[in-house]
Amino acid sequence: MTTSDQPQGLQGDATDKAKLRQKYAEERDKRLRPDGNEQYLRVAGQLAHYLDDPYMPVVPREPKTDHVVFAFIGGGFAGLATAARLSEAGVGDVRIIEKGGDFGGTWYWNRYPGAQCDTASLVYMPLLEETGYMPSEKYAHAPEILAHCQRIGRQYGLYGNALFHTEVVSLEWDAATSRWHVSTNRGDAFTAQFVGMGTGPLHVPKLPGIAGIESFKGHSFHTSRWDYAYTGGDPKGAPMAALADKRVGIIGTGATSVQCVPHLARACWELYVFQRTPSSVDVRANAPIDPHWFSEIATPGWQQRWLENFTANQAGGTAEEDLVQDGWTDLSRRIRARIMDLPREQRIPKNMLAAFEDSDFEKMEEIRARVDAIVGDRETAAKLKAWYRQLCKRPCFHDEYLQAFNTPGTYLVDTDGKGVERITGNGVVVAGKEYQLDCIIYASGFEVGTEYKRRAGFDLVGRGGLRLSEHWAAGMRTKHGIHVHGFPNAFLVQPTQGANLISNVPHNLTEAARTIALMVGHALAQGFKEIEVTREAEDCWVELLLTGAGRMIGSPDCTPGYYNNEGREPGPSAKLNVGHPAGPLAYFKYIEAWRSSGQFEGLTFR
Ligand code: NDP
């Protein structure tokens with residue numbers, strides 16, 4: 001593609017918009033594949049070594065055969081927040097089971113150079129007020145977020161009881177004792193009165209299904225298992241000196257690649273970035289947080305106020321003020337401002353959608369113009385432009401990614417939507433040309449559209465032997481995204497069927513943690529052995545969810561990716577992968593009222 005192929009003069013007239021829509025559709029069609037999610041390789045069998053932990057050795061230990069009050073699967077933000085809230089509610093006997101060698105979840109595994117949060121630290125990092133911690137930057141880098149996870153673990157005394165490098169393989173309810181039986185891959189077989197699950201949406205790395213992937217003779221790894229022993233350097237940004245004489249290829253140009261490519265460009269003798277679809281890369285504008293300013297805003301209750309303000313801005317609310325001012329609130333306020341420009345009587349769905357589209361065209365034109373302004377080589381610049389609506393793919397923000405393509409020795413290899421053709425013993429083939437490489441880095445993301453039990457690594461077995469996969473055969477069913485009928489004393493900690501606030505996932509988790517701690521605290525104080533949602537309450541909640549407008553992102557008109565099931569019509573069950581019909585703000589208000597009523601409506605305690 002050259003610059004002459006681009007629609008010209010898109011200043012808002014109808015012909016230009018029609019051309020742009022057509023261009024978007026053409027670019028999407030190039031990428032549609034009949035195999036959808038099946039195109040990716042499961043990291044197992046011969047490929048299982050891609051999952052090995054390069055950061056910490058597995059320490060031998062005796063299996064556990066005891067009993068705990070609460071077992072939580074996953075030591076990321078969900079487990080940490082839930083354990084912290086339980087501890088505040090007086091429930092101290094919490095065991096976190098985590099497949100990594102420490103707490104952190106995503107931030108344990110993702111130590112690639114340049115990793116940082118894309119949502120402002122002050123709302124992204126949980127329990128800042130409780131730990132008294134001030135992040136050093138508006139968008140904190142990974143080592144600081146990992147250290148914060150460890151801080152939470154220490155502050156709430158979670159290390160002593162935790163099982164690291166351990167994966168749950170079965171979870172079965174025992175009705176006779178009102179306990180869960182937990183078994184792991186380390187031979188543990190213990191019981192827990194309550195279990196929580198916070199395994200995260202993006203924790204199982206996937207590899208691209210490229211012919212010949214097993215035949216490569218050089219070095220290779222997935223970005224979530226960064227091999228600093230090979231590259232040199234460290235997660236804090238020390239230069240990767242060992243790459244100075246290496247030809248490195250990175251496959252993928254999503255949010256991960258956008259963050260690590262600048263570091264690779266600086267370090268490698270030659271860097272080849274293999275691109276199937278360009279990301280939209282907007283301004284980052286990171287900055288240190290001023291301690292004086294922080295001490296003024298950090299008055300009691302500050303983080304909750306900030307979280308609520310973020311959600312109000314981000315989720316179409318009406319907040320006058322934008323405290324957080326990050327990429328997400330900017331995106332939402334811009335769309336909202338366009339809609340508000342319409343005279344009140346013209347604010348009907350059709351006009352509002354048109355205003356949304358106008359705002360999107362304008363933003364994407366700005367992002368494409370930014371590529372031209374930064375990237376020196378015209379052909380490379382043309383190929384780095386994203387031709388789709390901003391929310392079709394995960395929006396990215398970076399101030400060094402596009403610049404990296406001006407670095408001598410850094411090459412963009414665009415596959416024109418087709419993907420890498422083949423991998424050989426020596427390198428990567430695109431359009432018949434072989435690029436000889438010493439190392440291939442897979443920035444190919446994580447499993448999203450696969451079955452819950454495949455990603456979790458176990459199938460929950462509830463009352464009467466009912467499996468969660470059976471109960472969810474026609475789609476997810478919960479109340480509040482937390483409880484499932486037939487699975488007493490088990491709680492999910494995740495966004496779907498709750499607020500579903502995807503721009504700040506931790507907020508969903510900290511709210512769920514609060515709710516769970518309240519229920520468990522109540523059950524223990526009153527001597528109840530079981531908490532279960534009634535079938536009617538679960539049905540009612542699912543019915544409520546179905547009254548909504550459906551998913552806000554994931555349109556089949558979009559270029560394919562994990563946001564839209566790789567462009568394939570999702571099965572009927574996907575209509576249940578939604579949040580509260582009135583949006584995240586409404587959900588958070590609702591759940592706060594539900595909690596403070598003290599009625600535990602929809603639950604049975606026995
Ligand atoms: P993604 O799934 O977003 O990206 C995978 C990349 O691999 C895409 O560019 C994809 O192309 C490419 N790819 C797949 N198959 C092939 C192939 N056969 N040939 C060539 N390229 C191929 O993974 P990421 O790890 O980048 O990000 C996953 C998610 O993790 C993000 O969307 C975000 O939610 C989260 N994340 C968050 C961060 C933060 O908050 N700071 C940072 C990093 C990630 P195509 O686009 O065409 O499918």
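## Exercises: a ligand shell and a helix pair

β7 (206–208) and α8 (255–267) each contribute at least two residues to the shell around the ligand. Keep in mind that this is a predicted model.

**Exercise 1.** Find which element gives the largest share of the shell around the ligand, and describe the shell by class.

*Solution.* Start with the elements: α8 supplies the largest share, three residues. Next, sort the shell by class: there are twelve nonpolar, ten polar and five charged residues. Finally, pick out the nearest residues: of the 27 around the ligand, Q116, T256, T277, K393 and Y562 come nearest.

**Exercise 2.** Look for side chains with a polar atom close to an oxygen atom of the ligand, taking N or O pairs within 3.5 Å as polar contacts, and then work out how much of the ligand the protein buries.

*Solution.* Begin at T277, where a polar side-chain atom sits 2.6 Å from a ligand oxygen atom. Move on to Y562: an N or O atom of its side chain is 2.7 Å from an oxygen atom of the ligand. Then turn to R394, whose side chain places an N or O atom 2.9 Å from a ligand oxygen atom. As a last step, consider the area: the ligand taken alone exposes 910 Å², and the protein buries 89% of that.

**Exercise 3.** Decide how α10 and α19 are oriented to each other, and list the residues that meet.

*Solution.* Two packed helices are described by the angle and the distance between their axes. Here, the axes of α10 (residues 302–314) and α19 (residues 584–597) come within 8 Å and cross at roughly 140°. Angles over 145 degrees would count as roughly antiparallel, and α10 and α19 are therefore oblique to each other. Now for the residues: E308, T311 and A312 of α10 meet P584, L585 and F588 of α19. By class, this contact of α10 with α19 has four nonpolar, one polar and one charged residues.

Technical notes:
Residues are numbered from 1 along each chain as its sequence is written. This is a predicted model: local features need pLDDT of at least 70, side-chain atom pairs count only at pLDDT 80 or more; totals for chains, interfaces and linings use all residues. Side-chain values use heavy atoms; hydrogens and water are left out. Axes are lines fitted to C-alpha atoms, for helices over the stretch in contact, and angles run from 0 to 180 degrees between N-to-C directions. Helices (H or I, at least four residues) and strands (E, at least two) are DSSP runs, numbered from the N terminus. Angles under 35 degrees count as roughly parallel, over 145 as roughly antiparallel, 65 to 115 as roughly perpendicular and the rest as oblique. Contact means heavy atoms within 4.5 Å. Ala, Val, Leu, Ile, Met, Phe, Trp, Tyr, Cys and Pro count as nonpolar, Asp, Glu, Lys and Arg as charged, and the others, Gly among them, as polar. A residue is near a molecule or strand if one of its heavy atoms lies within 4 Å of it. A polar contact is a pair of N or O atoms within 3.5 Å; within protein, one must be able to donate a hydrogen and the other to accept it, and residues adjacent in sequence count only if both atoms are side-chain atoms. Accessible areas come from the Shrake-Rupley method with a 1.4 Å probe; for residues, only the protein chains shown count as cover.
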